[in-house]
Structures are given as structure tokens and as C-alpha cells.
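Subject: Structure handover

Hello,

Here is the structure I promised to pass on. My notes follow below it.

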Amino acid sequence: MNRNRYLVTLLKLVNIFEIVVSVLLIAGVIVSVPDIMKYYFKIITSDAGSSYEIFQHFLSHVLLLVIAIEFVVLMIAHTDTNIIHLILLVISRKMLVYSDNMLDLLVATIAIAVLFAVRKFLLTGVNMVTDGEGNEYSASIPMKVLNKRYGFDIEAGETTTIGGYVTSLLIKNAEEAEVGVIVEDGEYIFQIVKMASGGVIETVSVERIDEKIKEEEENKNINKD
């Protein structure tokens, strides 16, 4: 499908934008670090009654910086684990700093339980994408067989299967294997079509990038005629 090529280009632009935002966010964290030392000075020089309130502000400030750092990690590596870490830190900050009664603690505890339940029962990698154009292949097919039988020229290096090659591209891009995820190696576009239980890639679609370009040019010529 032509949209895959556009999606790859769009993902590259989004990744560049995320890197810029991440750098700016890290700069903001670094600039905020001296404020931590100011809190230390205030805690030491204040009386016991005032130091409790100052320490709450100190804890809120530190946890906010940690959340910012975890958010940078999330933008760099889009994984379920990083999302859960970020949400847990947000909930923890709420519980430790702003919870004044048992009801707040109960709601936060339920939120954490729901978070883990969603990860266990809903993020299962159910197939939601159907290509249907005959370019889908089993992830267990050997690369030599794929290249010879279907006319590809994929240089997979040390990987022996198409699933292993896609996994290596995901690791390189710091992405998690999920249905619908698209990666490319400069010559081919790979999309995860189906996953088995346990997060194992089962089916992958493979398309040559130059074939997409030719297809687009043919479509443009047809439209002109």
C-alpha cells in the first residue's frame, strides 16, 4: 500500500521532532537542578514545622524532574513498559505529595491496579491490520528462502529469518513489536501484520520501496490520462 511509504516518512519527521523536544526538556531539567540545592538550604535553616512543608515542595520538585526524564525516555523508546513507568511516577507523585486522606490513597491504588490489568489483558497484540495483497509472509521463513523464492534481495546480516530481521530493525529504532508497526531498511518496508501470544511476530508484510515509487508514478500517469 502506498500509505506505508508516506507513514515511514512521517514517522521519521515525528522522530526528529521528538528528539528536538527531548533535548529541550533535558535542558529544562538541567536548569532546574540548582533549585534542588536551594531546597536543601531552606530545609536546613528552617524550623521543624516549616521544614515539613518545604520538604513536600522539594519532593514534588524532584519527582516532577524524574517524570520529565521518564517522559524523554518514552519519546525515545515507545514501549508499553516506559508508558507504565511514566504513569506510575505520576500516580506516585500524587500519592506522596498531594494525598491528604485515605480516599486519595484508595483511588491511586485502584488506578495502579487498573494500569497493570490493562497491560496484562488488553495489550495482547491482537491482529487489527489486514494487507490482503499477497505480500505477507510467515516470520519464521528463512531469509535465503524468502530472497530466492520471492525475488527479494534483503541483506539480513546474521539474522536467519524475516521475523528476526524485523526484530533487529525494531531494536535499532528502539521500538516495540506490535501489530501495525512499520520499519524500513532503506530498500524495503516491513509491517507487522500478525503477532502470536507472548509478543512473538507471526506474520510480516514486505514491500520494495522502489516498487512503491513506480506504482505511484503509474497512478499519476493514469490520473493524467
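Contact here means heavy atoms within 4.5 Å. Please keep in mind that this is a predicted model.

**Helix α6**

Start with α6, residues 162–172. Its buried residues pack against several elements: β1 (136–138), α5 (143–150), β2 (182–184), β3 (188–196) and β4 (200–208). The residues in question are I162, G163, Y165, V166, L169 and L170. They lie on the same side of α6, because they cover an arc of only 160 degrees around the axis. I171 and K172 are exposed, on the face of α6 turned away from the buried side. Just after α6, A174 has a positive phi of about 55 degrees.

**Helix α5**

Now α5. Which residues are buried in α5? They are M143, L146 and N147. Their arc around the axis is only 95 degrees, so they sit on the same side of α5. The cover over these buried residues includes β1 and α6. K144, K148 and R149 are exposed, on the face of α5 turned away from its buried side. G151 comes just after α5 and takes a positive phi of about 75 degrees.

**Salt bridges**

How many salt bridges does the structure hold? There are two. In general terms, side chains of opposite charge can pair when their charged atoms come close.

One joins D35 and K38 through their side chains, at 3.6 Å from N to O. Both residues belong to helix α1 and are three residues apart, about one turn of the helix. D35 is partly exposed, with a relative accessible area of 27%. K38 has a relative accessible area of 52%, so K38 is exposed; the cut-off for exposed is over 50%.

The other pairs E202 with K194, and their closest N and O atoms are 3.4 Å apart. K194 falls within β3 (188–196) and E202 within β4 (200–208). E202 counts as partly exposed because its relative accessibility is 30%. K194 is also partly exposed, with a relative accessible area of 35%.

**H61 in helix α2**

Next, H61. This residue lies in helix α2, residues 48–76. Buried or exposed, at a relative accessible area of 17%? H61 is buried, because buried means under 20% relative accessible area. The side chain of H61 reaches the backbone oxygen of S32 at 3.4 Å. Leaving aside residues up to four places away in sequence, H61 touches S32, D35, I36 and Y39. One of these, D35, is the salt-bridge partner of K38. D35 also places this contact on helix α1.

**A nonpolar patch on the surface**

Last, the surface. L10, L13, V14, I16, V20 and L24 form a nonpolar patch there. Together they have about 560 Å² of accessible area. Take L13 as one of them. L13 sits in helix α1, which spans residues 2–45. L13 counts as exposed because its relative accessibility is 53%.

**Where to look**

For a quick pass, begin with the buried side of α6 and its packing against β1, α5, β2, β3 and β4. Then turn to α5, where β1 and α6 are part of the cover. After that, view H61 with S32, D35, I36 and Y39. Finish with the nonpolar patch that includes L13.

Best regards

How values were computed: Residues numbered from 1 in each chain as written. Predicted model: local features only at pLDDT ≥ 70, side-chain atom pairs only at ≥ 80, totals over all residues. Heavy atoms only, no water. Buried < 20%, exposed > 50% of the residue type's maximum accessible area, 1.4 Å probe, protein only. Helix = DSSP H or I, 4+ residues; strand = E, 2+ residues; numbered from the N terminus. Arc of directions from axis to C-beta. Patch = residues over 30% accessible without salt bridge, like charges linked within 9 Å, V, L, I, M, F, W, Y side chains within 5 Å. Areas by Shrake-Rupley, 256 points an atom, 1.4 Å probe, with all protein chains shown as cover. Salt bridge = Lys/Arg side-chain N within 4 Å of Asp/Glu carboxyl O. Polar contact = N/O pair within 3.5 Å; in protein donor to acceptor, adjacent residues only side chain to side chain.
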